[in-house]
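Hi everyone, thanks for coming. Have a look at the structure on the screen, and then I'll walk you through it.

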Amino acid sequence: MNIIILHVPTVFYKPTIPKELKPTIKELSKIGKIHNYFFKFSYYKNKFNLEDIEFKNASLDIYNTFKHLDNFLIIALNHACPYGLFFANKYPKKCLGIICYPYRFYCKESYERRI
């Protein structure tokens, strides 16, 4: 089984695997082959267009990056969850399933509640 980990898109840190996640990845590697995905816009020194942030373009980049894989399980972390869900909805034949951890419910009501 192929497992793709969608890492948190953040502009503050270089795209690396956080040390606290390494034991989890080691355990997951017993189940299947791990593939890490870092978004193009995940670091301020990377060159990217604003269009790369859009769900459809990020989803297409994930698809193109892993098009050689028949199917896979996605694990989306934190703010990568909406991108993972969009991908799973757009390419259901590629995606065996998705785990969002922790899932944050992004909607207008949640935003207004925070304000």
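**The pocket first**

Okay, so let's start with what lines the largest pocket: by class, there are 13 nonpolar, six polar and two charged residues. Here Ala, Val, Leu, Ile, Met, Phe, Trp, Tyr, Cys and Pro count as nonpolar, Asp, Glu, Lys and Arg as charged, and the others, Gly among them, as polar.

Before I go on, this is a predicted model, where local features need pLDDT of at least 70, side-chain atom pairs count only at pLDDT 80 or more, and totals for chains, interfaces and linings use all residues. Residues are numbered from 1 along each chain as its sequence is written, and side-chain values use heavy atoms, with hydrogens and water left out.

Back to the pocket. Its volume is about 510 Å³, meaning the space filled by probe spheres set on grid points that are joined across faces, edges and corners. Of the 21 lining residues, His-7, Val-8, Pro-18, Leu-21 and Leu-77 are the closest to the centre. A pocket, on a 1 Å grid over the protein atoms alone, is an open set of points where a 1.4 Å probe fits, with protein on both sides within 12 Å along at least five of seven lines; lining residues have an atom within 4 Å of a point. Which elements each supply at least two residues of that lining? They are helix H1 (22-28), strand E3 (72-77) and strand E4 (95-101). Helices (H or I, at least four residues) and strands (E, at least two) are DSSP runs, numbered from the N terminus.

Next, the charged pair. The structure holds one salt bridge, and it joins Lys-30 to Glu-27, with the closest N and O atoms 3.1 Å apart. The cut-off is a side-chain nitrogen of Lys or Arg within 4 Å of a carboxyl oxygen of Asp or Glu. Lys-30 counts as exposed because its relative accessibility is 63%, while Glu-27, at 47%, is partly exposed. Buried means under 20% relative accessible area, exposed over 50%, and partly exposed in between (1.4 Å probe, protein chains only).

Now, is Cys-81 buried or exposed? Cys-81 is buried, because its relative accessible area is 0%. You'll find Cys-81 in helix H3. Its C-alpha atom is 7.4 Å from that of Tyr-101, and these two are 20 residues apart along the chain.

Last one: Asn-78 sits in the loop between E3 and helix H3 (81-90). Asn-78 isn't a glycine, yet it has a positive phi of about 50°.
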